[in-house]
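Got your viewer open? Load the model below, switch on a cartoon view with side chains ready to toggle, and follow along stop by stop.

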Amino acid sequence: MLEAFDFDSQGNRLSGILHRPALSPGQTPDIGIIFANAGARGRLGSTFQYPLYARAFTALGYPCLRFDPHGIGDSEGNIEISAMPDFYGSLQTGRFVKDTVNAISEFKKRVKPKKIVLLGI
């Protein structure tokens with residue numbers, strides 16, 4: 001089951017997609033997976049692989065969250081115009097850390113996994 005939702009991060013509305021596996025009522029998953037941002041394509045992944053991986057993991061019983069950080073995809077926010085190496089350099093120095101922390105908090109509220117794995121390239 002897919003669930004689209006929005007959540008707040010630093011005053012921006014971020015867009016996420018939650019992949020929920022078929023679980024028994026009241027069952028809490030042991031592990032949940034959050035797909036970390038891979039650059040300018042947000043919740044799709046660098047080569048659009050995140051939806052494929054999320055469906056595969058969900059079929060194995062793992063709930064997954066894909067989200068767009070601020071300024072990417074369907075999320076609010078701005079990214080200033082700069083050279084691509086500068087943009088990717090800002091990713092390496094933590095541009096979306098706060099968005100990821102807020103996504104983790106939202107995932108915990110909605111899914112309540114015992115452990116969370118951040119997955120990315």
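**The whole chain**

Colour by secondary structure and trace the chain from its start: the pattern reads β-β-β-α-β-α-α-β. That is three helices and five strands, where helices (H or I, at least four residues) and strands (E, at least two) are DSSP runs, numbered from the N terminus. The radius of gyration is 14 Å, close to the 14 Å the globule rule gives for 121 residues, so the chain is as compact as a globular protein of that length. Here the radius is taken over C-alpha atoms, and the rule is 2.2 Å times the number of residues to the power 0.38.

Some housekeeping before you click: this is a predicted model, in which local features need pLDDT of at least 70 and side-chain atom pairs count only at pLDDT 80 or more, while totals for chains, interfaces and linings use all residues. Residues are numbered from 1 along each chain as its sequence is written, and side-chain values use heavy atoms, with hydrogens and water left out.

Now draw a box along the principal axes: the C-alpha atoms fill roughly 50 × 30 × 20 Å. Switch to a surface and you are looking at about 6,800 Å² of accessible area, 56% of which belongs to carbon and sulfur atoms (Shrake-Rupley method, 1.4 Å probe; for residues, only the protein chains shown count as cover). Of the 121 residues, 40% count as buried; buried means under 20% relative accessible area, exposed over 50%, and partly exposed in between (1.4 Å probe, protein chains only).

How many of the contacts between residues at least 6 apart in sequence join residues at least 24 apart? The share is 69%, with contact meaning heavy atoms within 4.5 Å.

Colour by charge next. You should find 14 positive and 11 negative side chains, and the centres of the two sets lie 8 Å apart. Lys and Arg count as positive and Asp and Glu as negative, with His and the chain ends not counted; each charge is placed at NZ of Lys, CZ of Arg, CG of Asp or CD of Glu.

**Stop 1: the loop after β1**

Select Q10, in the loop between β1 (2–9) and β2 (12–19). Check its backbone: phi is near 55 degrees, a positive value in a residue other than glycine. Q10 is partly exposed, at 46% relative accessibility.

**Stop 2: either side of α1**

T47 sits in the loop between β3 (31–35) and α1. T47 is exposed, at 58% relative accessibility. Put a distance label from T47 to R95: they are 48 residues apart along the chain, and their C-alpha atoms are separated by 21 Å.

Then hop to G61, in the loop between α1 (50–59) and β4 (64–68). G61 is partly exposed, with a relative accessible area of 26%. Leaving aside neighbours within four places in sequence, G61 is in contact with P21 and L23. Show R20 as well: G61 and R20 are 41 residues apart in sequence but 8.2 Å apart in space, C-alpha to C-alpha.

**Stop 3: S75 and its company**

S75 is in the loop between β4 and α2 (84–92). Is S75 buried or exposed? It is buried, with a relative accessible area of 9%. Expand the selection and, beyond neighbours within four places in sequence, you pick up R13, L14, S15, D68, P69 and H70 as contacts of S75. Zoom in on D68: its backbone oxygen lies 2.5 Å from a polar atom of the S75 side chain.

**Stop 4: helix α3 and just past it**

Start with T100, in helix α3. At 14% relative accessibility, T100 counts as buried. Its contacts, leaving aside neighbours within four places in sequence, are F67 and L118. T100 and D68, the residue from the last stop, are 32 residues apart in sequence and 9.6 Å apart in space, C-alpha to C-alpha.

Slide along to E106, also in α3 (residues 97–111). E106 is buried, at 12% relative accessibility, and touches F5 and F7, not counting residues up to four places away in sequence. Its side chain makes a polar contact with the side chain of R110 (2.7 Å). A polar contact is a pair of N or O atoms within 3.5 Å; within protein, one must be able to donate a hydrogen and the other to accept it, and residues adjacent in sequence count only if both atoms are side-chain atoms.

Finish at K112, in the loop between α3 and β5 (115–119). Its phi is near 60 degrees, a positive value in a residue other than glycine. K112 is exposed, with a relative accessible area of 53%.
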